[in-house]
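Here is a quick tour for anyone who would rather think about side chains than scroll through coordinates. Have the model open while you read.

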Amino acid sequence: MARDRDKAKSQQEEVTDSHNTDANYLAQLVDLGIALSAEQGREELNEKILLAARKFTNADGGSLYLVNNEESELHFRILMNDTLNTFFVTGREAEKPFPPLPLYDEEGRPNYRNIATYVALSGKSINIEDAYCAEGFDFSGTRAFDAKTGYRSKSFLTVPLRNTRGTVIGVLQLINAQDDQGNVIAFDKSIEPIINALASQAAVAIENSSLLIAQRDLMESFVRVLGHAIDAKSPHTADHCSRVPVIARMLAQAAVDDKRGPFSNFYLTDMEWYELDLAAWLHDCGKIVTPDHVMEKATKLETIHNRIHEIRTRFEVLRRDAEIAMLKRKLAGEDPDQCEADFNKQVAELESQFAMVADANIGDAEIDTDTIFALHDIAELTWTRHFDRTVGLSWAENERLSDGELATMREPGVETILMDREDHIYQGFNRGELYNLSVSHGTLTSEERQVINDHVVITQDMLAQLPYPRELQRIPQIAGNHHEKMDGSGYPHGLTGDDMGVLEKVMVIADIFEALTAVDRPYKRPKLLSECISILADMRDKGQIDNDLFELFLVSGTYVEYGRKYLRPDQCDEVDIEQFIISR
């Protein structure tokens with residue numbers, strides 16, 4: 001009876017130990033699931049999976065393979081082996097990765113000879129006690145590895161990684177299970193369900209990580225496509241959306257590297273770098289709706305084409321009228337020399353007047369009040385139109401004309417050399433010739449400049465509608481505040497430096513510097529690097545850009561590095577930065 005009681009007690013203890021072991025495994029699986037769900041880095045995730053599997057089985061080593069996107073190969077990802085003191089992750093520059101394992105041969109037949117590819121194709125786990133004695137699989141590569149390293153590969157446990165759809169996305173392979181004394185033993189079959197459960201958790205974690213990375217890559221690609229589309233919209237602002245991110249990142253990196261200056265405590269997380277990149281690429285996305293005739297306006301009279309040609313034709317008509325009048329006077333018997341002298345004087349005056357109109361049209365220099373008054377005087381010159389001005393118009397153009405105008409325009413009549421007509425005003429723009437020529441500086445009227453400025457408002461409106469994750473909530477501010485100034489004189493909100501973060505201030509400088517150094521703007525000649533820095537310094541002196549960032553831009557050499565990579569050699573002159581440093 002006593003012997004029976006001892007036997008029953010021993011059996012009960014074994015059951016209890018088994019339950020405790022199962023509970024311990026379950027607790028470890030739960031902890032592992034939590035850890036895997038929190039890990040997002042690919043290498044770290046793969047490492048955590050392999051370490052956990054080895055811990056469960058007390059395996060000396062192991063490796064992890066993933067199926068490629070084409071589902072044609074197994075790609076090696078990570079290898080660990082304690083005896084060989086080996087830890088290898090694919091992609092490291094100092095080491096060559098193992099070649100991929102083909103899942104099919106050249107004729108498309110499944111590759112069942114390799115144990116890893118067999119598990120990937122069949123979805124079945126394989127537990128081998130001794131590889132050298134196993135049948136049905138080709139272990140020649142394993143034998144060659146052992147001969148080269150002096151290792152003895154014996155027991156193998158190879159399990160598939162299945163995702164939530166039941167598709168095998170990879171293979172986990174463990175090698176040489178060990179007992180407590182370090183002897184190589186076979187993998188316990190009772191542990192296989194645990195490893196399969198671990199493999200399932202791992203597959204879900206890997207798939208989730210891949211989906212997150214794919215989602216991030218898709219978003220980044222979409223943002224870059226949008227940026228390139230905006231650049232392609234205008235040949236005169238080409239590369240702006242792609243170069244502002246370069247300058248922004250370089251200046252932000254200089255701030256991160258600043259260990260003793262005003263940015264000694266400044267740093268950016270990986271997500272904050274990502275946030276800056278996206279914001280920089282999106283900073284001009286509102287320009288997608290800016291009318292081409294405004295973005296492309298290289299001269300004051302330009303709409304879809306430069307209307308200076310029409311005005312020149314009117315001057316040609318006046319010259320021809322003057323020549324006809326001269327010839328008529330000669331035929332009437334007047335003094336030919338006097339007639340020609342009067343004609344030459346009139347032609348010279350017309351040429352001078354047209355030259356003034358043509359110069360005013362360029363817009364690269366400010367015109368004074370006297371010039372504007374002179375343009376109004378020139379505008380009073382008249383010429384005679386004989387043809388019907390209503391023919392050949394689209395229905396939209398006719399809609400802009402009143403009945404009275406239509407009647408007047410059908411008959412021959414006298415018109416001024418420069419016109420501000422009623423039909424010039426439509427779609428919120430005044431296309432009047434004299435009105436546009438009277439713009440004192442640049443080529444844009446006040447309405448057109450407002451439309452250009454509104455791209456920032458549209459940018460902010462567009463970006464505000466996107467559902468950002470918590471880590472990217474600042475994208476609309478970083479992207480949309482690049483025209484604000486530290487003194488509150490910017491737009492659209494008139495923010496001051498106190499209202500803006502470091503990255504917003506970085507964007508302000510990046511946007512201005514790229515525009516200053518650009519060589520493809522039709523309304524200005526390419527500027528030297530020293531000229532661009534001088535303009536930025538003047539803006540700093542006026543309190544419009546952040547002084548600390550501007551000086552960091554100089555002393556870190558960011559402006560030089562950008563110039564060498566992206567500017568023409570003839571732009572990159574020497575800059576004496578000491579004259580611009582005021583904080584020392």
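Which residue does Asp-541 meet in a salt bridge? The partner is Arg-540, with N and O 2.8 Å apart. Keep in mind that this is a predicted model, so everything here is computed from it.

## A salt bridge with two faces

Start with the surroundings of that pair. Asp-541 is exposed, since its relative accessible area is 55%. Arg-540, on the other hand, is buried because its relative accessible area is just 7%, and the cut-off for buried is under 20%. Elsewhere, Asp-105, Glu-107 and Arg-109 are tied into one network by salt bridges that share partners.

## Other charged pairs

Side chains of opposite charge can pair when their charged atoms come close. Searching the whole structure turns up 25 salt bridges. One of them joins Arg-385 and Glu-415, whose closest N and O atoms are 2.7 Å apart. This pair links distant parts of the chain: Arg-385 belongs to strand E9 (residues 382-385), Glu-415 to strand E10 (residues 413-416), and the two are 30 residues apart. Arg-385 has 7% relative accessibility, so it counts as buried. Glu-415 is buried too, at 8% relative accessible area.

Another pair to click on is Lys-287 with Asp-284, where the closest N and O atoms sit 3.2 Å apart. Both Lys-287 and Asp-284 are buried.

## The nonpolar cores

Now for the greasy parts. The largest nonpolar core holds 62 residues, and the ones with the most contacts inside it are Phe-513, Ile-533, Leu-536, Phe-550 and Tyr-559. Several helices each supply at least two residues of this core, among them H5 (192-233), H7 (270-282), H16 (475-480), H18 (529-541), H19 (547-555) and H20 (558-566). The largest share, ten residues, comes from H6. There is also a second, separate core of 29 residues, including Ile-49, Ala-52, Leu-161 and Ala-199.

What does Tyr-559 touch, leaving aside residues up to four places away in sequence? The list is Phe-513, Leu-529, Ile-533, Phe-553, Leu-554, Val-575 and Ile-577.

Helix H17 (502-517) is another contributor to the largest core. H17 is 16 residues long and spans 23 Å from its first C-alpha to its last, close to the 22 Å expected at 1.5 Å a residue. Of those 16 residues, 14 are buried, so H17 is largely enclosed by the rest of the structure.

## Strands E5, E6 and E7

Strand E6 (residues 156-162) pairs with E5 on one hand and E7 on the other. E5 and E6 run antiparallel and are joined by three bridges. E6 and strand E7 (residues 168-178) also run antiparallel, with seven bridges joining them. You can follow the pairing through Thr-158: it is the bridge partner in E6 of Ile-126, and its own partner in E7 is Gln-173.

Is E6 largely enclosed or open? Six of its seven residues are buried, so E6 is largely enclosed by the rest of the structure. The hairpin of E6 and E7 has five residues between the strands, and there Gly-166 takes a positive phi near 85°.

## An exposed loop residue

Glu-135 lies in the loop between strand E5 (126-128) and helix H4 (140-149). Glu-135 counts as exposed because its relative accessible area is 76%. For a sense of scale, pick Ile-367: its C-alpha is 93 Å from that of Glu-135, and the two residues are 232 residues apart along the chain.

## The whole chain

Zooming out, the protein chain has 20 helices and twelve strands. Its radius of gyration is 38 Å, well over the 25 Å that the globule rule gives for 584 residues, so the chain is more spread out than a compact globule. Along the principal axes, the C-alpha atoms fill a box of roughly 150 × 65 × 50 Å.

Of the 584 residues, 45% count as buried. Among contacts with a separation of 6 or more, 63% come from residues 24 or more positions apart.

How values were computed
Residues are numbered from 1 along each chain as its sequence is written. This is a predicted model: local features need pLDDT of at least 70, side-chain atom pairs count only at pLDDT 80 or more; totals for chains, interfaces and linings use all residues. Side-chain values use heavy atoms; hydrogens and water are left out. A nonpolar core is a set of buried Ala, Val, Leu, Ile, Met, Phe, Trp, Tyr and Cys residues joined through side-chain atoms within 4.5 Å. Buried means under 20% relative accessible area, exposed over 50%, partly exposed in between (1.4 Å probe, protein chains only). Helices (H or I, at least four residues) and strands (E, at least two) are DSSP runs, numbered from the N terminus. Contact means heavy atoms within 4.5 Å. A salt bridge is a side-chain nitrogen of Lys or Arg within 4 Å of a carboxyl oxygen of Asp or Glu. The expected span of a helix is 1.5 Å times one less than its number of residues. Two strands pair if DSSP finds at least two bridges between them. The radius of gyration is taken over C-alpha atoms; the globule rule is 2.2 Å times the number of residues to the power 0.38.
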